[in-house]
Amino acid sequence: MAFYQRMGEVPQKRHTTFYKPDGGLYREQVMGTKGFSGIQSILYHHNPPTQVRETRKYADVRLEYVEQVDLKHQHFKTFDVQPGGDPIFGRRYMLGNNDVVMAVCAPTEPMDYFYRNADGDEVVFVHQGEGELQTIFGTLTYKPGDYLVIPIGTTYRIVPSVQSRFLVIESQNEIVPPKRYRNEHGQLLEHSPFCERDIRLPEKLVTYVESGDFEVRVKRQSVVYSYFFDFHPFDVVGWDGYLYPYALSVHDFEPITGRIHQPPPVHQTFAGQNFVICSFVPRMYDYHPQAIPAPYYHSNVESDEVLYYVEGNFMSRNGIYEGSITLHPMGIPHGPHPGKVEASIGKKETQELAVMLDTFHPLHVTKQALEIEDEAYMSSWLPPKE
């Protein structure tokens with residue numbers, strides 16, 4: 001999906017002299033992935049990005065998982081988590097493994113620092129609120145339904161303008177559109193549920209040329225370190241390349257439908273190493289005259305399935321709320337709740353909106369998640385008592 005983008009001022013040729021109006025040199029930084037064989041961008045700074053005044057360890061942020069004592073479906077009511085903290089340290093982690101972690105966040109405090117995840121890419125889904133994602137590549141405004149895709153190593157901060165609520169997926173690797181929707185050049189194909197026109201790039205590049213005391217907190221291998229600079233980290237006058245943050249609205253995802261029930265891969269929006277992210281959006285139901293729109297019972301033999309419910313009436317579930325997270329682990333079947341199969345027959349459309357994370361290695365539950373667990377969820381498939 002990566003395509004060339006350019007913002008601000010850059011020299012005619014890379015790795016050549018590029019002078020400031022006062023005669024000094026701008027400092028060129030190549031920011032790339034997979035050594036020098038992955039996608040990259042080149043940024044031009046007023047100051048050397050290596051010019052650090054002080055460094056120190058800030059915090060150990062390793063997650064505390066609980067020991068698995070049972071294999072069961074679980075339901076976590078994330079709106080029961082009290083808002084608090086800032087957009088980074090206000091994250092409440094629910095699930096994770098060595099490939100990916102999932103958190104929710106409803107910040108009430110501003111970021112008085114900048115942040116950089118040096119472990120992998122992030123996807124921040126905006127459930128509620130508006131504001132700005134301010135980055136070294138420029139600023140993106142966000143609104144409900146936006147996926148904010150932030151590449152590894154991007155210095156950024158999130159600045160809500162109104163109370164916001166996020167679902168956060170942090171990867172240990174890159175997060176990209178599904179391979180089957182891209183040709184050999186990376187262009188999104190005609191059958192893709194979204195295309196490049198739906199991708200929103202940074203809207204403006206504001207260059208800060210000011211001195212002061214600026215902190216950038218960098219996460220590496222689950223430890224956060226503080227780096228202190230005497231200049232603003234957003235001192236970039238221009239950049240170009242294929243690596244940058246972007247936004248994709250879930251409302252621009254065009255659902256793929258069929259005569260009979262379509263399996264979850266048609267909802268896939270992003271792919272990571274050993275996981276996928278899917279979008280369940282309002283769509284027409286299956287149109288075979290004998291179609292059963294509700295999903296069939298299925299066994300996740302080799303994947304854990306997580307659903308985050310955003311809004312609407314999720315047609316295959318009872319007792320699910322806005323902000324609910326359900327975990328259906330590999331090894332045991334799951335499917336519609338009692339009565340949902342019959343109720344779906346003859347229905348023409350659904351207005352549900354949800355984000356799904358499927359992982360191909362087992363997920364672990366955090367202690368924070370257990371505090372908001374609906375312990376009756378596993379028994380919710382039992383027939384009603386007479």
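In the predicted model, four strands make up an open sheet whose order is S1-S18-S3-S2, and the pairing within this sheet is antiparallel. The edges are occupied by strand S1 (5-8) and strand S2 (27-32), each of which has a single partner strand, so one side of each remains without a neighbour in the sheet. On average, and with direction ignored, neighbouring strands of this sheet are turned by 15° against each other. The pairing of S1 with strand S18 (residues 236-241) is antiparallel and runs over four bridges; across this pair, methionine 7 stands opposite tryptophan 239 in S18.

Turning to the interior, the largest nonpolar core comprises 55 residues, of which Leu95, Ile277 and Ile325 touch the most other members. Apart from this core lies another, of 20 residues, which includes Val101, Tyr115, Val126 and Leu148. In soluble globular proteins, nonpolar side chains tend to be buried together. When residues up to four places away in sequence are not counted, leucine 95 touches Tyr65, Phe76, Val101, Met102, Val306, Ile325, Leu327, Leu363, His364, Val365 and Thr366. Val101 is thus listed both among the contacts of leucine 95 and among the members of the core of 20 residues.

Two further residues, each placed in a strand, were examined individually. Arginine 283 belongs to strand S22 (residues 283-284), and its relative accessibility of 11% falls under the 20% limit, so arginine 283 counts as buried. A polar atom of the arginine 283 side chain lies 3.0 Å from the backbone oxygen of valine 281. With neighbours within four places in sequence left aside, arginine 283 is in contact with Pro255, Thr257, His267, Glu349, Thr350 and Glu352, a set that includes the acidic residues Glu349 and Glu352.

Histidine 334 is found in strand S26 (residues 333-334), and the feature "binding site" is placed at His334 by UniProt, in an unreviewed entry. Because its relative accessibility is 2%, under the limit of 20%, histidine 334 counts as buried. Residues up to four places away in sequence not being counted, histidine 334 touches His73, Tyr296, Tyr297, His298, Asn300, Glu305, Arg317 and His328. Among these contacts of histidine 334 are the histidines His73, His298 and His328, together with the tyrosines Tyr296 and Tyr297.

Methods:
Residues numbered from 1 in each chain as written. Predicted model: local features only at pLDDT ≥ 70, side-chain atom pairs only at ≥ 80, totals over all residues. Heavy atoms only, no water. Core = buried A, V, L, I, M, F, W, Y, C linked by side-chain atoms within 4.5 Å. Buried < 20%, exposed > 50% of the residue type's maximum accessible area, 1.4 Å probe, protein only. Contact = heavy atoms within 4.5 Å. Pairing = 2+ DSSP bridges. Helix = DSSP H or I, 4+ residues; strand = E, 2+ residues; numbered from the N terminus. Axes fitted to C-alpha atoms, helices over the stretch in contact; angles between N-to-C directions. Polar contact = N/O pair within 3.5 Å; in protein donor to acceptor, adjacent residues only side chain to side chain. UniProt positions renumbered as here; feature names shortened; annotations may be inferred.
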